[in-house]
Amino acid sequence: MMHVGREVLPAVEERGAIAPEEMPGVMSDAPAVVLRGLRKSFGSQTVLDGIDLTVKSGETLAMLGRSGTGKSVLLKLIIGLQKPDSGSICVQEQEVTHLELDAMNELRKRMGFLFQHAALYDSLTVEQNIAFPLKRHTKMTEGERSDRVKELLASVGMEGDLKKMPSDLSGGMQKRVGLARALALKPGVLLLDEPTAGLDPITSGEINDLILKVQEEHDMASIVVTHDLHSAKTIADRIALLHEGNVLIEGTFKELEQSDNKFVSEFMKRDS
Ligand SMILES: Nc1ncnc2c1ncn2[C@@H]1O[C@H](COP(=O)(O)OP(=O)(O)OP(=O)(O)O)[C@@H](O)[C@H]1O
Ligand SMILES: [Mg+2]
């Protein structure tokens, strides 16, 4: 269940939100996320080598790239679970790299995050997993919370699984619960790591529709890491392709498909 390192757990638990009616959302036309010269190495391995990327307010950016290119690392840097070696990360006009823990936790209340491996709390039921951030960071009554949990689970087609433990769910179901939890607090910035991986085409389509729907309703900015080109085409306003530590190309799906760059055109032609 908990495939992410133990060190991220407290940070995840600190995530949360404020009452939905108090959600600040994305108030201005300022970009939601701006990355400048972002570098991250592990030992002698340089993973990110000077990433420059801007995600506009209300925009969905799909992040593509081969396995191991640093897509998950990039999201973890944005949410502050890992620290970059150098460079700047601005989320809703706040520089993340220098924030103290308290300020980072405040900012995280405005960010929804779905880990690549869902990372549900193993000892909590599905219902309790979704209720967790609501309980911790909103003033909802038990009844309001229960309604919101049901609404969120229905939106990912999991309304019948309230009482199940994460270990009783398939990988795809865990992912859907993780997505519902990421949306619980109506975040201004949503970061999704492979939301449709391991799901059948019909469920993937439903998740794509859900992402589009919440996007429209809440005007969130989203970064969606995906291997699924169909999903990228469906949900993204813009695509960025990560390659050898840099953003090799960014543009619309069509622009990437029509690129003269050999790597890009082959990447866009593959089946999955
Ligand atoms: N905490 C860490 N310590 C050491 N190396 C790490 C750590 N986290 C990530 N890496 C390395 O960074 C590289 C990028 O990893 P990352 O998980 O971001 O890839 P990815 O693009 O998300 O791949 P995938 O598509 O398979 O999920 C990999 O070589 C990985 O081994
Ligand atoms: Mg990954």
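Colleague: What makes Lys262, Glu266 and Lys269 of α10 exposed?

Modeller: The cut-off is 12 or fewer other C-beta atoms within 10 Å. In this predicted model, Lys262, Glu266 and Lys269 count as exposed, on the other side of α10 from its buried residues.

Colleague: Which residues of α10 are buried?

Modeller: Helix α10 spans residues 262-269, and its buried residues are Val264, Phe267 and Met268. To be called buried, a residue needs 20 or more other C-beta atoms within 10 Å of its own.

Colleague: How do you know that the buried residues are on the same side of α10?

Modeller: Look at the arc. The buried residues cover only 95° around the axis, so they sit on the same side of α10.

Colleague: What do the buried residues of α10 pack against?

Modeller: Two helices and two strands: α8 (229-235), α9 (253-257), β9 (238-243) and β10 (246-251).

Colleague: Why are β9 and β10 called paired?

Modeller: Pairing takes at least two bridges. β9 and β10 have 5 bridges, so they pair, and the sense is antiparallel. Leu242 stands opposite Val247 in β10.

Colleague: What lies between the strands of this hairpin?

Modeller: There are 2 residues between β9 and β10. In this hairpin, Glu244 takes a positive phi near 50°.

Colleague: And the chain as a whole? How many helices and strands has it?

Modeller: The protein chain has 10 helices and 10 strands. Of its 272 residues, 42% are buried.

Colleague: What share of the contacts joins residues 24 or more positions apart?

Modeller: Among contacts with a separation of 6 or more, that share is 69%.

Methods. Residues numbered from 1 in each chain as written. Chains lettered and ligands numbered in written order. Predicted model: local features only at pLDDT ≥ 70, side-chain atom pairs only at ≥ 80, totals over all residues. Helix = DSSP H or I, 4+ residues; strand = E, 2+ residues; numbered from the N terminus. Arc of directions from axis to C-beta. Contact = placed C-beta atoms within 7 Å.
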